[in-house]
Amino acid sequence: MGQAAKPARTLVIAGIPDGLLQEDVMADILTIHFQKSKNNGGDVEKVIYPTPRKGVAYVTFEDQEVAESVLRKDEHRLEDRRLSRYYPLKVTRYCENVFSSVTSVLNVSVFKDQFVLKDLVEELKKKSTALSFGPLQSNGHISVQGSFPAMKSLRDFLLLKAKSLSEKNRREGSESHQRPRRRLQQRRLSTEKSDSVQDADGAKQMVVLDTDTYHYMKSFSPQTFLVNGDVVISDITDGDVTTVYIESAGSRSDAGQVVRVKKKIEDRSIKLHNVLRKERISFEKHTRDEKKRYERVCRSLKSYHPSVLIIPYDTHMDVVGTSSEVFEFTKAVSSKVQSLFQSR
């Protein structure tokens with residue numbers, strides 16, 4: 001059996017004390033920790049430390065089973081004679097992007113006149129090996145699950161395929177009417193010119209974003225969505241995915257400006273995908289009073305962690321930010337809530 005892909009053997013380690021020791025010494029301490037059997041460890045292939053995220057390292061194991069075993073350990077304490085005390089570590093799966101999995105339902109029935117849908121789905125599976133496909137339904141719908149970037153690549157592939165079909169149909173239609181009457185030809189050219197102006201005036205672009213990333217951008221990068229009166233931005237949220245529409249507002253609007261706004265949004269979202277992570281605080285096992293206590297604690301601690309985004313739901317609360325920021329915030333919340341429960 002071949003070795004598992006590197007991301008499957010890599011874990012994210014947060015909570016590392018920053019600045020106490022030289023970086024190579026800290027990397028050595030981490031290697032020793034994750035090699036010890038008492039920590040469910042094993043052979044370590046590589047330790048990346050430091051990283052762009054303060055207090056965070058990436059540890060890659062020789063064997064995926066070791067990585068899974070390390071994840072199953074309830075508590076990791078970084079201890080070494082070179083450290084004055086132990087430090088609790090947060091160990092999570094490596095994720096190249098912020099949110100590991102989203103689910104979407106594709107409607108491929110729009111291609112039924114050009115393709116055998118089963119063959120099209122097989123092509124999509126070969127093209128998008130990182131995605132998991134459900135069974136093709138009789139109405140042409142199919143459920144797809146996987147990382148957001150992989151889902152976005154699939155969407156771009158389908159849009160490109162649809163565009164190529166549209167161009168092909170347009171060419172075929174043009175060839176079948178090569179010799180129209182002169183008056184009809186002049187009228188058609190006039191109509192096409194009118195349509196092209198209308199398309200330019202009503203230029204519309206679309207950006208598909210992870211919903212939590214979109215909320216984070218709205219909260220911490222509002223300037224990304226600042227536009228003048230010539231451009232209008234709207235959004236539609238469907239679960240894990242938010243579609244942002246950028247379009248010209250009037251007859252004198254610059255279509256190029258719409259494209260520039262789209263690029264600005266895309267560039268910012270890509271940067272955030274590379275640094276953000278999400279932690280979920282579940283309320284399912286808590287009473288209503290305990291849930292309110294969690295909410296109060298989160299609000300009281302928010303000012304000490306200004307770079308995290310808290311998204312409340314009925315059953316849980318999502319905390320979005322960089323690995324180190326999310327770890328420090330959730331650790332502070334847990335400690336505060338426990339002290340409140342013990343004082344009752």
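A salt bridge is a side-chain nitrogen of Lys or Arg within 4 Å of a carboxyl oxygen of Asp or Glu. The side chains of Glu122 and Lys125 satisfy this criterion, with a nitrogen-to-oxygen distance of 3.7 Å. The structure is a predicted model, and it holds eight salt bridges. This briefing addresses selected salt bridges, helix α1 and an open three-stranded sheet.

**Salt bridges within helices**

- Side chains of opposite charge can pair when their charged atoms come close.
- Glu122 and Lys125 both belong to helix α3 (residues 117–127) and are three residues apart, so about one helical turn separates them.
- Glu122 is partly exposed, with a relative accessibility of 42%, and Lys125 is likewise classed as partly exposed, at 33%.
- In helix α7 (residues 255–273), Lys263 and Asp267 are four residues apart, which corresponds to about one turn of the helix.
- The side chains of Lys263 and Asp267 form a salt bridge with an N to O distance of 2.8 Å.
- Lys263 has a relative accessible area of 49% and is partly exposed; Asp267, at 34%, is also partly exposed.

**A salt bridge between strands, and a network**

- Asp318 and Lys278 meet through their side chains in a salt bridge of 3.9 Å, N to O.
- This pair connects distant parts of the chain, since Asp318 lies in strand β14 (residues 316–322) and Lys278 in strand β12 (residues 276–282), 40 residues apart.
- The relative accessibility of Asp318 is 2%, so this residue counts as buried, whereas Lys278 is partly exposed at 30%.
- Asp28, Asp80 and Arg82 are joined into one network by salt bridges that share partners.

**Helix α1 and its surroundings**

- Helix α1 comprises 13 residues, numbered 23–35.
- From its first C-alpha to its last, α1 reaches 18 Å, close to the 18 Å expected at 1.5 Å a residue.
- The buried residues of α1 are Met26, Ala27, Ile29, Leu30, His33 and Phe34.
- These buried residues lie on the same side of α1, because they cover an arc of only 160 degrees around the axis.
- The elements covering the buried residues of α1 include the strands β1 (10–14), β2 (44–48), β3 (56–61), β4 (76–78) and β5 (87–93).
- Helix α2 (64–72) is also among the elements that cover these residues.

**The open sheet β9-β11-β10**

- Three strands, in the order β9-β11-β10, make up an open sheet with antiparallel pairing.
- Its edge strands are β9 (204–210) and β10 (231–238), each of which pairs on one side only.
- From one strand to the next, the twist averages 20 degrees.
- Seven bridges join β9 to strand β11 (residues 241–248) in the antiparallel sense.
- Val208 has Thr243 as its bridge partner in β11.

**Helices packed on the sheet**

- Helix α6 (residues 211–220) lies across β9, β10 and β11 and runs at about 105 degrees to β9.
- Helix α7 packs on the sheet as well, touching β9, β10 and β11.
- The direction of α7 makes about 10 degrees with that of β9.
- Helix α7 is also the helix that contains Lys263 and Asp267, whose side chains meet in the 2.8 Å salt bridge.

Technical notes:
Residues numbered from 1 in each chain as written. Predicted model: local features only at pLDDT ≥ 70, side-chain atom pairs only at ≥ 80, totals over all residues. Heavy atoms only, no water. Helix = DSSP H or I, 4+ residues; strand = E, 2+ residues; numbered from the N terminus. Expected span 1.5 Å × (residues − 1). Buried < 20%, exposed > 50% of the residue type's maximum accessible area, 1.4 Å probe, protein only. Arc of directions from axis to C-beta. Contact = heavy atoms within 4.5 Å. Pairing = 2+ DSSP bridges. Axes fitted to C-alpha atoms, helices over the stretch in contact; angles between N-to-C directions.
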